[in-house]
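Thank you for having me this morning. I would like to walk through one structure slowly, beginning with a term that we will need and then going from part to part.

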Amino acid sequence: MVRRKVSGDELARTVSELLAAGYRLALVAAHDDGDTLRVVYLLLAGQPDRRVELTLTTDAATPSVPSLGHLSIPAGRFEREMLDLYGVVPQGHPQPRRLVRHGHWPQEWYPMRRDAGPPPPFPAAGRFPFLTVDGPGVYEIPVGPVHAGLIEPGHFRFSVIGESVVRLKARLWFVHRGIEKLFEGRTALDATGSVELAERISGDSAAAHSLAYSLAVEEALGLATPEHVHRLRALLVELERLYNHATDLGALANDVGFGLASAHAQHVRELLMRINRRVTGHRLLRGAIRPGGVVLQELPEPDELRALAREVAEISELTLRNTVVYDRFAETAVLASDDAHAIGCLGYVARASGLVTDSRLDQPTTALPVTPVMATGGDVLARYTIRRDEFAASVALACALIEDHRGPLDCACVLPPLTMTVGNSGVGIVEGWRGAIVHRVEVDGAGRITRCKVVDPSWFNWPALPVAMADTIVPDFPLANKSFNLSYAGNDL
């Protein structure tokens, strides 16, 4: 990790040079240090693993930073988040609108500041300033934030002519839970406190988030984790990838009325979750990963996983052989490679649009026999086939990890006394099933978390959904939305 302090004059030039060299902006985190606010910019590049942290300090009374919004779409969104939660003004931002805070949030209350105090009364909210699309025959269709299914809230506003979508705006952050604030003051090594909170950031990514948190704490405290621990943890993340991809393959078929494939896929999902329970004691893989160790009850049977891989391959062939399904998937909700790159997309959304990105290869904790999977169409079909191919590759990787394992399943390294912690920081990066998850923690001398910044891949991928919906029709939205399958919880921290 390269760490540098930069001035306001140096920031844009340095970040521009790193972006040109192939780095991506993975995280921007503000820190309230009392009289000053400190902003950390984390940029990553892979193969080989390269990490650069830039730190800029600003006065807490009138905090501001030079905006990087003209260089990077993710940078502009991180800056709007900091403006809402810390009051850090991005000078020169091209669109300094609210991002996290809805209209009824008090104007001068910044909940992540040390002196924020309890929330003041929230005034009545006015209308959200949606961009109105004018013209003959244009009308609006509002959807949400309350939905018919058991999903979290999000508002989608369609401007349409007939059934053709002219513009889509997604409005999120209806349930801002204050996750990062909840980490503050917790003991970094407390598996029943901090780790449980990390597991619940996004329920279908419990293993990946707990691992990202654990890696960050281990780096901050200088814990050396044995190789076999890294490999067992990697196995759990692959099990999480399997049951989620199987679920999505069935859900995509169901969204075009192909219930037969959906039923078979849900059967596979149930079998995988039963495997999860045997392996960890929990269907969602909670409670197995903690800083310095991992605890498994047993290893999965490789032949059982390979049998499920064959079943998923058969389900996928059955699905795509249906001409009605294929026609609905192909060339629907196309996300071009250039758009995916500009937005900063991650995971299967990026790989379906031809981008090469995988933290298991870019920022590895251990060498893994990962088979890269990529598509180029950028449409629903590509996002379906990426899941299909990743399922097969993930089974192969999981079986290799199982068959190569030697040693105990309950593993913990020796933890240092709390007096050894001196306020260090650490970063954990994990390729979750949706894409790269990043946690950055700072720990004080008593071993307590003073700051935990969390970035879920859905934070990067949500802006791509409205872009992909251009030149589609309204009935395509449920299918397109499911092909992205983004986490509200991972975004609305």
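A residue is called buried when its relative accessible area is under 20%, exposed when that area is over 50%, and partly exposed in between. Please also keep in mind that what you see is a predicted model.

With that term in hand, let us take Glu219, which has 34% relative accessibility and therefore counts as partly exposed. Glu219 forms a salt bridge with Arg3, and the closest N and O atoms of the two are 3.8 Å apart. Since Glu219 belongs to helix α5, residues 206-221, while Arg3 belongs to strand β1, residues 2-5, the pair ties together parts that are 216 residues apart in sequence. Arg3, at 46% relative accessibility, is likewise counted as partly exposed.

How many salt bridges does a search of the whole structure find? There are 34 of them, and I will pick out two further pairs.

In one of these, Arg241 is joined to Glu238, with 3.0 Å between the closest N and O atoms. Both residues sit in helix α6, three residues apart, which is about one turn of the helix. Are they buried or exposed? Arg241 and Glu238 are both buried.

In the other pair, Asp389 makes a salt bridge with Arg388, where the closest N and O atoms lie 2.8 Å apart. Asp389 has a relative accessibility of 30% and so counts as partly exposed, and Arg388, at 27%, counts as partly exposed too. Elsewhere, salt bridges that share partners join Arg3, Asp33, Arg38, Glu53, Glu219, Arg440 and Glu442 into one network, and you will recognise Arg3 and Glu219 in that list as the pair we began with.

Let me turn now to the sheet, which is an open one of three strands in the order β10-β11-β12, with antiparallel pairing. Why do β10, residues 289-290, and β12, residues 410-412, each have one side without a neighbour in the sheet? They stand at the edges and each has a single partner strand, so one side of each is left free of a neighbour there. Two bridges join β10 to β11, residues 293-295, and these strands run antiparallel. In β11, Val294 is the bridge partner of Ile289. Helix α6, residues 227-255, packs on this sheet and touches β10, β11 and β12, and its direction makes about 50° with that of β11.

My last stop is a pair of helices. Two packed helices are described by the angle between their axes and by the distance between those axes. Helix α8, residues 302-321, and helix α13, residues 380-404, pack at an angle of about 170° with their axes 9 Å apart. Angles over 145 degrees count as roughly antiparallel, and α8 and α13 are therefore roughly antiparallel to each other. Their contact includes Leu305, Val312 and Ser316 of α8, together with Tyr384, Arg388 and Phe391 of α13. The residues of this contact divide into 14 nonpolar, three polar and three charged.

Within that contact, let us look once more at Ser316, which is found in helix α8. At 1% relative accessibility, Ser316 counts as buried. Leaving aside residues up to four places away in sequence, Ser316 touches Leu249, Tyr384 and Arg388, and Arg388 is the residue that we met earlier as the salt-bridge partner of Asp389.

Methods. Residues numbered from 1 in each chain as written. Predicted model: local features only at pLDDT ≥ 70, side-chain atom pairs only at ≥ 80, totals over all residues. Heavy atoms only, no water. Pairing = 2+ DSSP bridges. Helix = DSSP H or I, 4+ residues; strand = E, 2+ residues; numbered from the N terminus. Contact = heavy atoms within 4.5 Å. Axes fitted to C-alpha atoms, helices over the stretch in contact; angles between N-to-C directions. Salt bridge = Lys/Arg side-chain N within 4 Å of Asp/Glu carboxyl O. Buried < 20%, exposed > 50% of the residue type's maximum accessible area, 1.4 Å probe, protein only. Parallel < 35°, antiparallel > 145°, perpendicular 65-115°, else oblique. Nonpolar A, V, L, I, M, F, W, Y, C, P; charged D, E, K, R; others polar.
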